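Let's take a walk through this structure together, starting with a single strand and working outward. Keep the viewer open as you read.

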Amino acid sequence: MKVLVCISKTPDTTAKIAFTEGNTKFDENGVQWIINPYDEWYSLVRAIELKEKDPTVTIHLVTVSGADAEPIIRKALALGGDEAIRVNNTSNDSMVVAQEIAAVAKEGAYDLILTGKETIDYNSASIGSMLSALLDQNYIAPATKLEIDGTKALVTREIDGGEETAETNLPVIVSCQKGMAEQRIPNMRGIMAARTKPLKVVEASIQTATTSIQQFDLPPAKSGVKLIDPTQMDELVRLLKEEAKVI
Amino acid sequence: MVLIYIDQADQEIKKASLEAISYGAALAKQLGTHAEALVLGTVKEDLSSLGKYGASKVHQVANDSLNHFDARVNSIVAAEAIKTIGADVVVFAHNTNGKAVAPAVAVKLNAGIVTGASALPKTDNGFVVTKTVFSGKAFASLKIETAIKVITINQNSFGIQLTEGTASVESLAISVPASTIKITAVNKVEGEIPLTEASLVVSGGRGLKGPENWGILLDLAKSLGASTACSRPVSDADWRPHHEHVGQTGIQIAPNLYIAIGISGAIQHLAGVNRSKTIVVINKDPEAPFFKAADYGVVGDAFEVVPALTAAIIKSKAGA
Ligand SMILES: Cc1cc2nc3c(=O)[nH]c(=O)nc-3n(C[C@H](O)[C@H](O)[C@H](O)COP(=O)(O)OP(=O)(O)OC[C@H]3O[C@@H](n4cnc5c(N)ncnc54)[C@H](O)[C@@H]3O)c2cc1C
């Protein structure tokens with residue numbers, strides 16, 4: 001079974017969020033880059049677990065990004081990916097990214113495509129759904145469990161107020177979130193092996209973006225916390241009712 | 001025309017879709033046009049009542065096989081229906097199902113899409129949609145460059161707005177492809193409001209020390225009629241179920257009131273709750289970072305403060 005894991009480069013969760021060039025660009029100064037946590041902890045580690053159960057599984061990574069994404073791709077290879085493809089396109093437009101991945105997917109004929117639930121920078125949660133349209137495959141999101149049984153996938157996904165489990169034939173596209181797998185740390189052997197694993201660079205083929213970023217803004221600062229004495233809970237209730245008007 | 005995709009589960013229209021209609025109707029007004037709705041499947045509600053939220057017409061593909069959500073089938077049928085009806089802007093709720101179909105529909109319509117919109121688009125010069133990015137730590141304004149535009153709107157960001165009126169209902173004949181997904185089990189927590197739809201949320205962190213202490217939090221939630229949430233270490237330790245985990249790597253919520261008990265307010269936690277309208281923090285450490293993001297704070301021991309707050313709420317409700 002061939003698994004394609006979509007990997008995105010995102011700022012670390014504690015990165016300072018600031019903008020430059022008249023608030024039109026994310027300020028990358030001093031930012032640490034990580035594999036998008038949903039891609040790493042859930043999609044990639046689940047793919048590795050599937051491979052541990054069935055050694056015929058191969059794990060292919062794809063990222064649509066500039067050369068500065070290579071350290072995080074090497075990390076994903078160190079965790080357990082077998083080979084990687086980087087599509088050399090720095091577009092922020094989900095539609096462009098999805099089309100690039102779809103081109104890779106058509107070429108590779110994967111049985112299973114995994115994405116994270118969303119990226120923690122643009123929070124678009126769009127790539128898996130777009131791939132399902134571009135490849136005409138089933139899409140199950142956001143998934144908390146995934147088992148493969150021969151040519152079938154058993155996927156549990158979150159629904160409002162609960163979960164449901166579905167069965168479908170491969171190929172299928174699954175977006176992954178918490179529950180799928182436990183976070184892992186690459187070991188020395190993995191890090192050494194990753195250095196020589198194949199990382200192929202493909203030139204960008206899609207240029208027409210459907211959206212463009214005009215401006216970033218930071219939310220207005222809170223005006224400051226109003227402290228209430230722990231013995232004055234009647235006062236807190238009054239404030240919630242009369243001032244905040246939320247209860 | 002602005003068309004709103006209506007999400008349903010168990011033949012009931014999702015609250016998030018009613019909000020999406022109000023948003024779509026306000027957008028239609030801004031554009032000098034009208035808002036219509038698209039329902040896939042059959043629902044219990046009287047569809048003409050969607051007029052109350054601002055839809056002038058409801059198109060229905062009344063095929064029972066659409067009553068169970070399948071992202072591929074729903075996006076195929078929705079895209080065909082939208083092509084038949086003809087819409088300039090299509091609005092979805094940014095909920096579980098909306099996120100799964102809207103981007104696929106955008107592909108099929110050759111439309112640009114902005115997901116997670118937090119306000120009405122600016123339409124005086126182009127079509128610019130503001131959305132939350134960096135898990136709520138910032139906003140980005142994106143211009144959609146295509147003729148047809150698709151938007152998913154963040155839950156609880158616009159609110160349901162009631163107007164006068166009933167919608168006309170029209171049935172639409174669209175062929176429905178067979179689903180190749182078989183649902184084998186459904187596991188619902190009965191009687192609970194899903195966290196993403198809750199307007200009041202009480203949440204607990206590691207400061208509560210262990211699952212055996214959750215009673216005071218549940219009592220508070222009950223007195224308010226609130227849903228319950230927790231921080232990541234709490235669900236990681238299985239003190240509470242995973243679906244209660246809020247934050248950057250959990251669920252992102254935007255209730256009217258979020259009460260955080262024994263939660264330090266790590267940046268990853270805040271990312272999931274910073275869109276709440278009012279935040280109350282109860283923490284015994286006056287230096288806890290959460291106080292910086294709070295509207296009201298109580299520096300004190302949760303084991304004393306929370307029962308006292310519950311009593312005050314019960315007293316206030318009895319008095320009112
Ligand atoms: C990549 C990444 C993603 C993450 N994603 C998330 C996420 O989505 N959601 C999330 O929540 N976390 C997330 N985290 C973890 C986050 O960094 C924090 O570790 C976590 O939020 C802390 O949880 P807590 O506040 O419950 O516990 P703690 O940080 O241990 O805080 C406990 C608090 O309780 C207070 N307290 C103790 N006793 C009492 C008492 N008797 N009465 C009142 N207060 C008391 C303490 O003063 C303290 O402030 C993530 C971390 C990383 C690195």
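A good place to begin is strand S6 of chain B, residues 89-93, which is mostly covered: 5 of its 5 residues are buried, where buried means under 20% relative accessible area, exposed over 50% and partly exposed in between, with a 1.4 Å probe and protein chains only. Strands here are DSSP runs of E with at least two residues, helices are runs of H or I with at least four, and both are numbered from the N terminus. In a regular strand the side chains alternate between the two faces of the sheet. In S6(B) both faces are covered, with Val89(B), Val91(B) and Ala93(B) buried on one side and Val90(B) and Phe92(B) buried on the other.

Before going further, a word on where this comes from: the model is predicted, so local features need pLDDT of at least 70 and side-chain atom pairs count only at pLDDT 80 or more, while totals for chains, interfaces and linings use all residues. Residues are numbered from 1 along each chain as its sequence is written, chains are lettered from A and ligands numbered from 1 in the order in which they are written, and side-chain values use heavy atoms, leaving out hydrogens and water.

Now look at the partners of S6(B). Two strands pair if DSSP finds at least two bridges between them. Strand S1 of chain B (residues 2-6) runs parallel to S6(B) and is joined to it by 3 bridges, with Leu3(B) opposite Val90(B). Strand S10 of chain B, residues 149-153, also pairs with S6(B) in the parallel sense, over 5 bridges; there, Phe92(B) has Thr152(B) as its bridge partner.

Chain A offers another covered strand. S12(A), residues 172-176, has 5 of its 5 residues buried: Val172(A), Val174(A) and Cys176(A) lie on one side, Ile173(A) and Ser175(A) on the other. Strand S8 of chain A (residues 112-116) runs parallel to S12(A) through 5 bridges, and Ile113(A) is matched with Ile173(A). Strand S9 of chain A, residues 138-149, pairs with S12(A) in the parallel sense over 4 bridges, placing Asn138(A) opposite Val172(A).

Next, find the sheet that contains strands of both chains. This open sheet of 6 strands has the order S15(A)-S17(B)-S16(B)-S15(B)-S13(B)-S14(B), with parallel pairing. S15 of chain A (226-227) and S14 of chain B (227-230) stand at the edges with a single partner strand each, so one side of each is left without a neighbour in the sheet. The link between the chains is the parallel pairing of S15(A) with S17(B), residues 296-299, over 2 bridges, where Leu227(A) has Gly297(B) as its bridge partner.

Staying in chain B, turn to His269(B) in helix H6, residues 267-273. His269(B) counts as buried because its relative accessibility is 7%. Leaving aside residues up to four places away in sequence, its contacts (heavy atoms within 4.5 Å) include Ser203(B), Cys230(B), Tyr258(B) and Phe290(B).

Finally, step back to chain B as a whole. Its secondary structure comes to 7 helices and 17 strands, and buried residues make up 60% of its 320 residues. Among contacts between residues at least 6 apart in sequence, 65% join residues at least 24 apart. The C-alpha atoms fill a box of roughly 60 × 45 × 40 Å along the principal axes.
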